Amino acid sequence: MLNSSKSLRVVFDKEHNAYENMGIDEALLYLSPQPTLRLYFWNPPAVSIGYFQSMREEVDVEKARKMGVDLVRRITGGGAVYHKYEITYSFVAPKEMFPGSILSSYRKICYPLVLTLRKLGLNAEIGGVNDVVVNGRKISGSAQTRKKGRILQHGTLLIDVDVDEMFQLLLVPSEKLKDKIVRDVKKRVTSLKHQGVEVDREELAKIMAESFSEFFEMEIEESRLTNEEMELAEKLRVDKYERDEWNFRR
Amino acid sequence: MNATNGISEGRHIRKIPGGKMLKVVVRVENGKITYVRFHGDYFVYPEEAVEDMEREIYGKNLEEAKEIIEKYLSSADMVGISVKDFCEALEEAYKKAR
């Protein structure tokens with residue numbers, strides 16, 4: 001049953017484009033009746049920017065269009081992310097499940113990612129506010145928003161990463177320093193592949209779901225999106241996420 | 001500094017210890033702020049507080065703008081950034097615009 005508080009609703013989702021993905025996450029935030037985990041992918045690749053960022057300052061918009069990369073603004077803060085070789089999670093829950101500070105809720109929701117990586121044999125821990133690191137290098141970043149008594153946190157886990165490809169799209173504050181910035185990012189970022197882990201992405205989704213289930217002590221209840229959720233997601237795609245008024249508003 | 005018809009634009013990027021970045025763009029006309037945006041990869045809850053604050057800053061001088069920042073953000077939850085970061089970054093951008 002969808003309203004049992006002891007179960008974790010898990011939606012093993014597929015690939016969607018950026019506008020569908022952001023529409024579904026927002027629809028779940030408003031409509032999902034219980035703690036919900038969605039695991040999903042991006043096709044075509046996309047850059048998402050944080051709520052407070054400026055699209056034109058973060059992304060080479062013309063290059064992205066030429067490369068067939070979608071551009072979307074998230075409802076969550078945080079930085080610009082190139083979504084290609086990754087699995088993405090979104091987690092929705094009532095605020096009461098996290099009575100402490102916002103910071104502690106970030107860490108709790110990130111912790112199942114740490115467990116996932118440890119199951120894969122990696123030396124993972126929480127890094128900074130909203131990251132997960134392996135051997136000190138970032139492999140996952142997350143962002144959270146809160147609306148109407150509920151929390152949405154979504155984030156990535158890098159399966160592979162191509163920093164040079166990423167910086168064909170992402171702008172840096174100083175062109176002069178670009179080479180140095182790219183070198184620094186290469187040192188600071190890693191992926192499953194770079195850590196020697198080859199795992200089927202559906203298998204990875206399963207391990208992530210199990211890790212959330214264990215950490216929050218809730219039974220997995222596999223589920224699909226409801227018709228109501230799909231309808232709202234579709235409306236959000238058309239009326240919000242595909243529109244320049246939203247994506248280029250700052 | 002970039003001045004056209006008495007309006008000048010200033011920009012300042014503040015790197016915050018811990019890794020977040022605040023990028024302020026401000027336009028100033030006769031000492032009054034006519035446009036401001038606080039871009040960045042920070043987190044403020046509720047998010048709308050930042051936009052309401054930006055709107056209220058229009059037409060104000062620097063000191064008034066700092067009071068508005070204080071008013072909106074002292075009651076907001078923030079992650080990776082502080083009220084001081086907003087005020088100081090605005091001041092730097094403002095100085096570059098004058």
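Helix α8 of chain A has a face turned away from its buried side, and that face carries the exposed residues A:N227, A:E228, A:K235, A:V238 and A:D239. Keep in mind as you look around that this is a predicted model. Below, we start with this helix, move to a sheet that helps cover it, and then visit strand β10(A) and the contact between chains A and B.

**Helix α8 of chain A**

- The buried residues of α8(A) are A:L232, A:A233, A:L236, A:R237 and A:Y241.
- These buried residues lie on the same side of α8(A), because they cover an arc of only 145° around the axis.
- Among the elements that cover them are α1, β4 and α9 (244-247) of chain A.
- The helix runs over residues 227-241, and its 15 residues should span 21 Å at 1.5 Å a residue; the end C-alpha atoms are 19 Å apart, which agrees.

**The three-stranded sheet**

- Strand β4(A), part of the cover over α8(A), belongs to an open sheet with the order β4-β3-β5 (chain A) and mixed pairing.
- The edges are formed by β4 (70-73) and β5 (81-83) of chain A, each of which pairs on one side only.
- From one strand to the next, the twist averages 25°.
- Four bridges link β3 (residues 46-49) of chain A to β4(A) in the parallel sense, and A:I49 has A:R73 in β4(A) as its bridge partner.
- Helix α1 (residues 18-31) of chain A packs on this sheet, where it touches β3 and β4 of chain A. The direction of α1 makes about 25° with that of β4(A).

**Strand β10 and its partners**

- Strand β10 (residues 150-158) of chain A has eight of its nine residues buried, so it is largely enclosed by the rest of the structure.
- With β6 (residues 86-94) of chain A, β10(A) runs antiparallel, joined by nine bridges; here A:F91 stands opposite A:Q153.
- β10(A) also pairs with β9(A), in the antiparallel sense over six bridges, and A:T145 has A:L152 in β10(A) as its bridge partner.
- β9(A) and β10(A) form a hairpin with two residues between them, and A:K148 in the turn has a positive phi of about 50°.

**Where chain A touches chain B**

- The contact brings together 17 residues of chain A and 18 residues of chain B.
- Strand β9 (137-147) of chain A appears again here: β9 and α4 (102-119) of chain A each supply at least two residues of the side that touches chain B.
- That side of chain A divides into six nonpolar, eight polar and three charged residues.

Key. Residues are numbered from 1 along each chain as its sequence is written. Chains are lettered from A and ligands numbered from 1 in the order in which they are written. This is a predicted model: local features need pLDDT of at least 70, side-chain atom pairs count only at pLDDT 80 or more; totals for chains, interfaces and linings use all residues. Two strands pair if DSSP finds at least two bridges between them. Axes are lines fitted to C-alpha atoms, for helices over the stretch in contact, and angles run from 0 to 180 degrees between N-to-C directions. Two residues are in contact if their C-beta atoms, placed from the backbone, lie within 7 Å. The expected span of a helix is 1.5 Å times one less than its number of residues. A residue is buried if 20 or more other C-beta atoms lie within 10 Å of its own, exposed if 12 or fewer, and partly exposed in between; C-beta atoms are placed from the backbone. The arc is that of the directions from the helix axis to the C-beta atoms. Ala, Val, Leu, Ile, Met, Phe, Trp, Tyr, Cys and Pro count as nonpolar, Asp, Glu, Lys and Arg as charged, and the others, Gly among them, as polar.
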